[in-house]
Amino acid sequence: MSTRGHLEVKNSHLVLGGVDTVTLAEQFGTPLYVTNEARIRVNYQRFKDAFPNADIYYAAKSNYNLTVLKILAEEGAGADVFSGGELHCALKAGIPSDKILFNGNSKTDAELEMAVKNNIRVSVDSLDELRTLSEIAHEHDHKAEVAFRVNPDVSPHTHPKIATGLRETKFGIPSSDVIAVYKEAQSMGDIKIVGIHCHIGSQIIDVSPFIEATKKMIDLAEELTGLGIQLEFIDLGGGLGIPYENEIAPSPKDLANAILPVFAEGLKALEIHPRLILEPGRYITADTTILLAKVNTVKHAYRNFVGVDAGFNLLIRPAMYDAYHRIIVANKAGEKSSAVYTIVGPICESGDVLARDRFLPNIEKDDLIAILDVGAYGFSMSSQYNGRPRCAELLVLDGKVDVIRRGESYDDLLSNQVFPSRFR
Ligand code: LLP
């Protein structure tokens with residue numbers, strides 16, 4: 001059986017970060033998210049090594065567990081945050097405020113105020129938002145530092161739900177309009193222009209859309225330079241994909257080889273020196289984490305259905321994007337595959353399928369299923385649907401285990417609910 005990267009098989013058991021996953025399931029129960037700390041650091045360093053002169057702003061949305069953010073803060077990462085909540089977590093984790101960019105297409109006034117009060121740079125998504133931010137900055141006697149999110153109309157060749165740089169999506173200011181917005185910002189006393197930003201999409205496994213976006217951003221930088229605007233940074237967003245199945249995905253080095261020459265030549269011709277910012281999320285966290293789920297029942301019906309104790313409440317990617325996640329029978333990881341199984345969750349919806357028609361070792365009740373590559377957009381997109389408390393998260397490193405989030409209880413499902421007095 002082939003495992004990738006940091007996963008190992010010992011005595012037919014799946015081992016992560018030097019820890020036997022079967023023992024973890026016995027000790028902590030299931031379902032259970034397990035993250036390998038070493039892998040987060042390795043992935044971050046691979047990115048940093050490929051882009052030694054860029055600032056890496058980790059996309060907190062992919063996984064904003066405080067310990068994960070702290071590990072990345074230790075590595076020197078900044079953060080792309082998309083909400084007040086993500087900003088709160090990034091600051092709590094010790095990511096310096098001058099290494100955070102507040103993104104978002106529909107920020108509340110309170111979120112903009114939070115950015116202003118904490119001296120956080122904002123990627124402004126519309127002219128309307130610019131005016132609101134300017135007013136808020138004025139009230140606080142503050143000069144807000146901004147970039148503008150450009151919609152470069154680039155096709156990222158990815159799932160339509162995660163393509164963000166096409167003109168029909170809700171994100172960013174059309175490149176044809178953005179210069180006018182910069183001009184308006186130039187006239188605002190409470191606004192300081194510091195950058196330009198785009199993000200074309202996610203799970204991109206072809207470098208050509210990144211090259212196209214880089215060229216478009218350099219063209220815009222040329223126009224802005226002509227207006228006398230000094231850009232401190234050009235932020236090209238995140239989006240580098242990973243091989244979930246057996247796709248060939250570019251490495252950070254491949255991405256660097258594709259875009260850095262275009263970036264460097266463009267800047268040289270313009271004689272400007274903005275820093276490059278990149279916002280990887282998935283590449284840093286996706287393959288660091290597995291979700292362990294126990295088999296409740298096996299049913300030989302139209303398909304061989306394996307009912308496990310995690311569903312789209314804990315991992316929505318298969319249901320939402322038809323995403324593929326590899327499956328390993330963690331307590332039989334060394335055994336030969338013998339039958340085709342469909343792994344389903346306990347949620348009362350027929351879309352609650354985690355993996356379809358997989359050739360796996362013989363599966364029985366109480367076996368342990370590991371779902372791989374769930375560190376990005378796994379727990380961070382979880383819910384309590386069907387009255388299912390969210391599970392615990394563990395961190396493993398060289399044989400050591402830490403709980404980084406306790407599992408919720410049934411009472412936690414009710415923790416913020418209030419009976420109006422007439423029901424008491
Ligand atoms: N920067 C911005 C402004 C973003 O919107 C995103 C992701 C990123 C960076 C990070 O992209 P990454 O490197 O992780 O591809 N839930 C979906 C992915 C949604 C991505 C949203 N934006 C999924 O599970 O595939």
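Modeller: A polar contact is a pair of N or O atoms within 3.5 Å; within protein, one must be able to donate a hydrogen and the other to accept it, and residues adjacent in sequence count only if both atoms are side-chain atoms. This is a predicted model, where local features need pLDDT of at least 70 and side-chain atom pairs pLDDT 80 or more, while totals for chains, interfaces and linings use all residues. Residues are numbered from 1 along each chain as its sequence is written, and side-chain values use heavy atoms, without hydrogens and water.

Biologist: What makes the pair between glutamate 279 and the ligand a polar contact?

Modeller: A polar side-chain atom of glutamate 279 lies 2.7 Å from a nitrogen atom of the ligand. That value is within 3.5 Å, so the pair counts as a polar contact.

Biologist: How do you know that serine 202 and arginine 282 make polar contacts with the ligand?

Modeller: For serine 202, a side-chain N or O atom is 2.4 Å from an oxygen atom of the ligand. For arginine 282, a polar backbone atom is 2.8 Å from a ligand oxygen. Both distances are within 3.5 Å, so both pairs count.

Biologist: Which residues are closest to the ligand, and how many surround it?

Modeller: There are 19 residues around the ligand, and the closest are Ser202, Glu279, Arg317, Tyr321 and Tyr377. To be near, a residue needs a heavy atom within 4 Å.

Biologist: Let's turn to the helices. Why are α2 and α3 called oblique to each other?

Modeller: Helix α2 covers residues 37-50 and helix α3 covers residues 66-75; their axes are 10 Å apart, at an angle of about 40 degrees. Angles under 35 degrees count as roughly parallel, over 145 as roughly antiparallel, 65 to 115 as roughly perpendicular and the rest as oblique. About 40 degrees falls in the rest, so α2 and α3 are oblique.

Biologist: Which residues of α2 and α3 meet?

Modeller: On the α2 side they are Glu37, Ile40, Arg41, Tyr44 and Gln45, and in α3 they are Val68, Ile71, Leu72, Glu74 and Glu75. By class, this contact (heavy atoms within 4.5 Å) has 5 nonpolar, 1 polar and 4 charged residues.

Biologist: Why is α2 called roughly parallel to α9?

Modeller: Helix α9 spans residues 252-270, and its axis is 8 Å from that of α2, at an angle of about 25 degrees. That angle is under 35 degrees, so the two helices are roughly parallel. Arg46, Phe47, Asp49 and Ala50 of α2 meet Pro252, Lys253, Leu255, Ala256 and Leu260 of α9. These divide into 6 nonpolar, no polar and 3 charged residues.

Biologist: And what makes α5 oblique to α6?

Modeller: The axes of α5 (residues 109-117) and α6 (residues 127-139) come within 10 Å and cross at roughly 55 degrees. That angle lies outside the other three ranges, so α5 is oblique to α6. From α5, Asp109, Leu112, Glu113 and Val116 make the contact with Glu129, Thr132, Leu133, Ile136 and Ala137 of α6. Here we count 5 nonpolar, 1 polar and 3 charged residues.

Biologist: What is omega for the peptide bond from threonine 30 to proline 31?

Modeller: Omega is near -5 degrees, and the bond is cis. Proline 31 sits in the loop between α1 (21-28) and β4 (32-36).

Biologist: Where does asparagine 11 lie, and what is its phi?

Modeller: Asparagine 11 belongs to the loop between β1 (7-10) and β2 (13-16). Its phi is positive, about 50 degrees, although asparagine 11 is not a glycine.

Terms used
Axes are lines fitted to C-alpha atoms, for helices over the stretch in contact, and angles run from 0 to 180 degrees between N-to-C directions. Helices (H or I, at least four residues) and strands (E, at least two) are DSSP runs, numbered from the N terminus. Ala, Val, Leu, Ile, Met, Phe, Trp, Tyr, Cys and Pro count as nonpolar, Asp, Glu, Lys and Arg as charged, and the others, Gly among them, as polar.
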